[in-house]
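Work through the exercises below with the model open. Each task is followed by a solution in steps.

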Amino acid sequence: MMEIKNRYDGTILHSGDFKTLKECVKDAVSNKSNLRGADLSGAYLRGAYLRDADLRGAYLSGANLRGA
């Protein structure tokens, strides 16, 4: 089980049976889940299609977004 949590209050923004956080984020984006304030620190999101993702306030420290 993989979860994306809000960095401010820890609420779960998106979850499911994914092997990687990248898969979880891609699924969240494709399902138009609200990722505002998501804690994505250290996430490997290289090449992920993030168009239309609302990542305002997201914590992306150490995240690899190359080509995303």
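**Exercise 1. Sequence separation of contacts**

What percentage of the contacts in the chain with a separation of 6 or more do residues 24 or more positions apart account for?

Solution. Begin with the source: this is a predicted model, in which local features need pLDDT of at least 70 and side-chain atom pairs count only at pLDDT 80 or more, while totals for chains, interfaces and linings use all residues. Residues are numbered from 1 along each chain as its sequence is written, and side-chain values use heavy atoms, with hydrogens and water left out. Next, take contact to mean heavy atoms within 4.5 Å. Among contacts with a separation of 6 or more, pairs 24 or more positions apart then supply 22%.

**Exercise 2. Elements and overall dimensions**

List the elements in order and test the chain against the globule rule.

Solution. Helices (H or I, at least four residues) and strands (E, at least two) are DSSP runs, numbered from the N terminus. The chain has two strands and one helix, in the order β-β-α from the N terminus. The radius of gyration is taken over C-alpha atoms, and the rule is 2.2 Å times the number of residues to the power 0.38. For 68 residues a compact globule would come near 11 Å; the chain has 11 Å, so the two agree. The C-alpha trace spans about 30 × 25 × 20 Å along its principal axes.

**Exercise 3. Burial and the core**

Which residues have the most contacts inside the largest nonpolar core?

Solution. Buried means under 20% relative accessible area, exposed over 50%, and partly exposed in between (1.4 Å probe, protein chains only). By this cut-off, 28% of the 68 residues are buried. A nonpolar core joins buried Ala, Val, Leu, Ile, Met, Phe, Trp, Tyr and Cys residues through side-chain atoms within 4.5 Å. The largest such core has 13 residues, and I4, V25, L35, L40 and L45 have the most contacts inside it. Helix α1 (residues 21–30) gives this core its largest share, four residues. Beyond four places in sequence, L35 touches I4, L13, A28, V29, D54, L55 and A58.

**Exercise 4. Two residues after the helix**

Are N64 and G67 exposed or partly exposed?

Solution. N64 lies in the segment after α1. Its relative accessibility is 26%, so N64 is partly exposed. Setting aside neighbours within four places, N64 contacts A43, Y44, L45 and R46. G67 is also placed in the segment after α1. At 67% relative accessibility, G67 counts as exposed. Its contacts, beyond four places in sequence, are G47 and A48.
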